[in-house]
Amino acid sequence: MERTRRFSRLIPPQVTLPLLLLGASSRIDGTGAFTFRTAPKFKSSRSIPVSTPEFNTSRQAENVNLLEYGDDDSGDKSDPAEGWLKWMYTGSPRRTSEVAMREPAALGGLPRSDRYSSRDWLHNTISLPNSAILRDIRSPVLFMTFWATFISFIYKRLCRTNPLAAKHMCLPTTPHSLMVSALGLLLVFRTNSAYQRFAEGRKIWEDIVNSSRDLHRMMLLYDKQIGTDKRRRCQKLLAAFPYLLRHRIRPNLVMRRIDDEQYKRDPDNSILLYQDAAAFDNDAEAAAVATEEEETGKSRRKQRTLYWVDKRTLPWRLLPSEALEQCARAQNRPLWVADRMATELRAVPDQNDGNGPTFTARERLALISHVDKLSRCIGGCERIHQTVVPLNYARHSLRSLTLWLFTLPFALAKDTGILTGPVLFLVSWLLFGVYEIGYSIEDPFQGTLRLSIMCDSIRRDVLEDEYTRGTAFTLEPETKEQVDDEEYVGVRDSDERYEESPTMSLPKATQKIPGVKKKKNEEPFFKNLIVMGS
C-alpha cells in the first residue's frame with residue numbers, strides 16, 4: 001500500500017483524477033514487474049517475471065490483451081467507455097504495463113522498456129529513472145539544477161531587498177536565442193558523425209559474417225580436393241577469427257595478470273600471452289617512442305604486462321593444437337589467423353580427375369579472395385576504434401553547451417522564478433543526453449554493437465551446422481525414368497503452347513514440296529523447335 005501511495009505522487013493531477021474515477025490501482029509484485037490493477041469488472045492483469053522462459057515466449061504475442069473480461073454473476077459486460085479509456089491505466093495492448101529488462105544478465109541486465117511506439121509514452125516516462133543515459137549525465141544535470149535553483153532564490157531575495165540589483169542580475173533572452181542555433185548545429189554534427197561510425201561498424205561486421213559464410217561454402221564445395229583434415233583446420237581458424245578480432249578492438253576482460261594473486265593459474269590448462277589491444281592514434285607515449293626510434297635508431301619500449309587465459313574457453317579451444325601457442329605469441333592475432341588460412345589454402349595442389357581439371361589456380365585464388373576480405377575488415381575495425389573524434393571539436397561542443405546552460409538561469413529567473421531549477425533540469429537532461437548519445441556510439445565496438453552475438457552466429461554457421469548443412473552439397477543421381485519423365489513433360493508443354501498460339505505458323509521447310517515425302521513426326525518436331533526458339 002505504501003508503494004502505491006509513493007507511485008501515485010509521481011502522477012500529475014490531470015492523470016490521477018481519471019484513474020480514481022475508473023477505480024484503478026497500481027501494483028508492484030516481488031518479481032520486479034509493474035502492473036496496473038483495474039476495477040472489479042476486470043480480472044487483474046497477469047505479470048510475468050522477466051527472468052522466466054514464459055516471458056520470452058509471451059513477447060511474441062504482442063497483440064494479445066493481458067486484461068481479460070471477468071464473468072460476474074450478473075452477466076453484465078463492461079462498459080464500452082471503460083474499454084475505450086482502458087489505455088490510460090493499463091497501457092497499450094503491447095504489454096506496456098510491464099517493466100521489461102533492457103537485456104539479459106549476460107549482456108548487462110539494465111532494465112528498460114523495449115518499446116518505442118508513441119502509444120507507450122506512459123511506460124517510457126515512468127521508466128525514466130532506469131535510463132542509462134540519465135545515470136551517465138547525472139553529475140552535470142544535478143549541478144545545473146542546483147545552480148539554477150540557487151540563482152532563483154538569490155533573485156527572489158534581491159527582489160525584496162534590492163530591486164535594482166535584481167534587475168541588473170537578469171540577462172535578456174536574445175543572446176541565448178542567438179546561441180541556441182549554433183549550439184544545435186554543433187550537437188547535430190557530432191551526433192550524425194557518431195552515428196555514421198556506428199553504421200559503418202555494423203556494415204564491417206556484416207561483411208565479416210558474409211565473407212565467413214562464403215568461405216565456408218567454398219571449402220565445402222571443394223572438400224574432396226582440399227582434404228577433410230585441412231578443411232576442418234581452416235574451419236576452426238575461421239570460427240576463431242571473429243572472437244580474436246573482438247578482443248583486439250575491445251580488450252578481453254577474461255585475461256588475468258600473471259602477478260594477480262586473486263586468481264590462481266593452472267599451468268596445464270592455461271597459456272601465456274600479451275594484451276592484443278589496438279593502440280589509439282592519439283597515444284602520446286607511443287608517438288614519443290616512435291619519434292625517438294626514428295631519430296636515434298634505438299627502441300626503448302617498456303616491457304609489456306604478461307597475461308594468462310584458460311585455453312579451454314573461447315576462442316582458444318577453437319584453434320588447432322599446433323597453432324594455439326603460435327597464435328598466442330602473435331601481436332595481431334586476427335591477422336595471424338587470416339595469414340594461416342591463406343597459407344593452408346595456397347598449399348592445396350592442382351588436381352585432375354581424368355576428365356579435366358577439378359582444382360586449379362582459379363579456385364585457389366577464389367578461396368584466398370575471401371580471406372583477403374576478412375583481412376580488410378580488420379583494418380576497417382581498427383580505423384574506427386583507433387581514430388577518435390577530433391579533440392578540438394569535442395571540447396568546443398562541450399564547452400559551448402556548458403557555458404550556455406550555466407548562464408541560462410540569469411535569463412529565465414525573471415520569468416520562471418522558483419521553477420528555474422526544474423526547467424534547467426529538463427533542458428540540461430535533453431542537451432547533455434544528446435551529447436552523451438553521440439559520445440557512446442562513436443566507438444560502436446565498446447558495447448553498442450553486440451559483437452558476442454555475431455561471433456557466436458559465425459561459429460554456429462561454420463562448425464555446429466556442418467552435418468545438417470552438408471546435405472545441401474550432396475546431389476542425388478537422377479534415374480533414367482526421371483529423365484524420360486522430364487523430357488516428356490517438356491515436350492507436352494511445348495505442344496500445348498503451340499496449339500494455344502494462333503499466330504504461330506510452320507516454317508516453309510514443313511510445307512508440302514513436290515517430289516519430297518514428309519516424314520510422319522516431322523511437323524511436331526518443328527512445332528517444338530519453334531516454341532523453344534521463342
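**View 1. Ile-418 in the loop between α17 and α18****.** In this predicted model, Ile-418 is partly exposed, with a relative accessible area of 42%. The residue belongs to the loop that joins α17 (391–416) and α18 (420–441). Because its relative accessible area is 42%, Ile-418 passes the cut-off of over 30% that patch residues must meet. Together with Phe-153 and Leu-419, Ile-418 makes a nonpolar surface patch of about 300 Å².

**View 2. Leu-401, a buried residue of helix α17****.** Leu-401 is placed in helix α17. Its relative accessible area is 0%, and Leu-401 is therefore classed as buried, the limit being under 20%. The C-alpha atoms of Leu-401 and Tyr-435 lie 9.1 Å apart in space, while 34 residues separate the pair in sequence.

**View 3. The second largest cavity and its lining****.** Two cavities of 30 Å³ or more are found when the whole structure is searched. The second largest cavity encloses about 30 Å³ of space. Its lining consists of Arg-233, Leu-237, Pro-320, Glu-322, Ala-323, Arg-340 and Glu-344. Helices α12 (228–249), α14 (321–329) and α15 (333–346) are the elements that each contribute two or more residues to this lining.

**View 4. Residue classes around the second largest cavity****.** Four charged and three nonpolar residues line the second largest cavity, and no polar residue takes part. Among the lining residues are Arg-233, Glu-322, Arg-340 and Glu-344, and Arg and Glu count as charged. Leu-237, Pro-320 and Ala-323 also belong to the lining, and Leu, Pro and Ala count as nonpolar.

Key. Residues numbered from 1 in each chain as written. Predicted model: local features only at pLDDT ≥ 70, side-chain atom pairs only at ≥ 80, totals over all residues. Heavy atoms only, no water. 1 Å grid on protein atoms, 1.4 Å probe; cavity = no way out; pocket = protein on both sides within 12 Å on 5 of 7 lines; lining within 4 Å. Points joined across faces, edges and corners; volume = space filled by probe spheres on them. Helix = DSSP H or I, 4+ residues; strand = E, 2+ residues; numbered from the N terminus. Patch = residues over 30% accessible without salt bridge, like charges linked within 9 Å, V, L, I, M, F, W, Y side chains within 5 Å. Areas by Shrake-Rupley, 256 points an atom, 1.4 Å probe, with all protein chains shown as cover. Salt bridge = Lys/Arg side-chain N within 4 Å of Asp/Glu carboxyl O. Buried < 20%, exposed > 50% of the residue type's maximum accessible area, 1.4 Å probe, protein only.
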